[in-house]
2 protein chains.
Amino acid sequence: MFEDAKTWFEHLRDRLVEKIQSYESQAFVEKKWSHHEKGGGLMTKINGNIIEKGGINISTVSGKFNEKMQEKILGAKDDPSFSATGISVVLHPRSPHIPSMHFNTRFLSTTKTWFGGGMDLTPCLNFENETKDFHKKLKIICDEFDINCYEKYKKWCDDYFFLKHRNEPRGVGGIFFDHVFTSTPENDFEFVKNVGRFFLEHSCNLIDKFKDETWTDHQKEIQLIKRGRYVEFNLLYDRGTKFGLETGGNTEAILMSMPPQAYWK
Amino acid sequence: MFEDAKTWFEHLRDRLVEKIQSYESQAFVEKKWSHHEKGGGLMTKINGNIIEKGGINISTVSGKFNEKMQEKILGAKDDPSFSATGISVVLHPRSPHIPSMHFNTRFLSTTKTWFGGGMDLTPCLNFENETKDFHKKLKIICDEFDINCYEKYKKWCDDYFFLKHRNEPRGVGGIFFDHVFTSTPENDFEFVKNVGRFFLEHSCNLIDKFKDETWTDHQKEIQLIKRGRYVEFNLLYDRGTKFGLETGGNTEAILMSMPPQAYWK
């Protein structure tokens, strides 16, 4: 299933690139990166008119967890070997009407194998109706596989994307999941595919809905300040960012999630 | 000496405000903050035409160190009580020709008392000659009190203001010091005063030298990217920022050091 997952992530990346490219006159840029021991990946980036900064990163890595990680990671207690493949996407639109959109899914293999991932939105202007719609649709996707998982995944997302020092959430949440075990591995994979398909469709719908709407300087300023919070979250709290930078990961790939511009008053 | 130190920091703040105000049509804004147990401070902020974002924070706090801190802090082993007063200044000029300028000095009192602090510059364009001049002058100030301290303080600054994940320094360094013990406490104080006077004078000299020089869009972009590095340093590495945010300090005062705008490509 590792290869199948990787192939799906690449397929999803290609479809995302194709869709986003249809809005933009600028081209995506590809950048390969590799680590002598751990593996490597491919970043696909765009600086466009609609998506001011967007990045899609597929990475496939393997190695051995250290003792501390062995304790934490499912199925790694007796054997520290792991391999992982995943796709991570961050889209920072130019328009303050369109939220920043974040998505990732991954497949992990130790003595056990499982999927994890999530998606969430960070709007900066009023987004109440769109938020309700977003969560309603996420619930439908979750309910198809497990009638109880939506609330859990939503809470996990809310708990994770929270700026303690500001006492405020990063955005309007979404879902955040790990150790996906539905009825069968095939169904787990199907769930992850549905999450990916939904991200693609929903992101494009939001772009379509708002892309022609103009904005004021004041709305732009609100967006830049909100992006400052995004930066604060990623550098102060995000586990992937901190872990990646501390363990000598690829800085450019790790910081792909940073917004293009941010502002502190 | 605690009260004398505090009075000096306030005097220095007033002179800094007066000098910077002379360049600007916008006024400084004052904001008091206080913590029910720990103490409080006064932030003095400006968003001006020359200093796009500048903040001066004077804080005076007291309390008891936790056990972990007790081990680390001079004179706190047998008694965790401490009090501290300090001034911290960050100036982010609008012009990419003028470096971001950072300065702080503090007086700490446990069972021992001592001064600490530092100052450093973060230019974004060629600054070779100005860097030499800056370090030459810092050396003269240090040499007056201890012929050997400059190299040590300079190295301390270089080691501290380094972005490991980028393998690059934040700026062109300066001095960084703690546990200042020259011949007498009065001389320690005089050293700290001289560092403060020099920051005031040197910052104004740099502003005067470059304030009328125009810049290109490309130079501005270089500045915004450099400011992104400044943000990364402050949120990923700066001990004061991390300690302050983790221990529930005043977020606005702690993040006063953030640049007004930053950019990630």
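Here is a walk through this structure, going from the interface of its two chains to a sheet in chain B.

Keep in mind as you read that this is a predicted model. Let us start where chain A meets chain B. The contact draws on 22 residues from chain A and 22 residues from chain B. The size of an interface is often given as the accessible area lost when the parts come together. Here the area buried between chain A and chain B comes to about 1,900 Å², and carbon and sulfur atoms give 63% of it. If you want to know where to look on the chain A side, begin with A:His165, A:Leu235 and A:Trp264: they supply 28% of the area that chain A buries against chain B, more than any other three residues.

What about polar interactions between the chains? The rule finds zero salt bridges across the interface of chain A and chain B, while five residue pairs are in polar contact there, both partners at pLDDT 80 or more. Three elements of chain A each give two or more residues to the side that touches chain B: helix H6 (217–236), helix H7 (239–246) and strand S10 (261–263). Of these, H6(A) gives the most, with five residues. Sorted by character, the residues on this side of chain A divide into twelve nonpolar, four polar and six charged.

Strand S10 deserves a second look. S10(A) pairs with strand S10 (residues 261–263) of chain B in the antiparallel sense, over three bridges. To find this pairing on your screen, look for A:Ala262, which stands opposite B:Ala262 in S10(B).

Now move into chain B, where you will find an open sheet of seven strands in the order S1-S2-S3-S4-S5-S6-S9, with antiparallel pairing. Strand S1 (29–35) and strand S9 (174–180) of chain B stand at the edges and have a single partner strand each, so one side of each is left without a neighbour in the sheet. From one strand to the next, the twist averages 10 degrees. Within the sheet, strand S4 (residues 81–93) and strand S5 (residues 100–109) of chain B pair in the antiparallel sense over nine bridges. One landmark in that pairing is B:Thr85, which stands opposite B:Phe107 in S5(B).

Two helices complete this part of the tour. Helix H3 (residues 128–143) of chain B packs on the sheet, touching strand S6 (113–122) and S9 of chain B, and its direction makes about 20 degrees with that of S9(B). Helix H4 (residues 149–160) of chain B lies across S6 and S9 of chain B, running at about 110 degrees to S9(B).

Key. Residues numbered from 1 in each chain as written. Chains lettered and ligands numbered in written order. Predicted model: local features only at pLDDT ≥ 70, side-chain atom pairs only at ≥ 80, totals over all residues. Heavy atoms only, no water. Contact = heavy atoms within 4.5 Å. Buried area = accessible area lost by both parts, 1.4 Å probe. Salt bridge = Lys/Arg side-chain N within 4 Å of Asp/Glu carboxyl O. Polar contact = N/O pair within 3.5 Å; in protein donor to acceptor, adjacent residues only side chain to side chain. Helix = DSSP H or I, 4+ residues; strand = E, 2+ residues; numbered from the N terminus. Nonpolar A, V, L, I, M, F, W, Y, C, P; charged D, E, K, R; others polar. Pairing = 2+ DSSP bridges. Axes fitted to C-alpha atoms, helices over the stretch in contact; angles between N-to-C directions.
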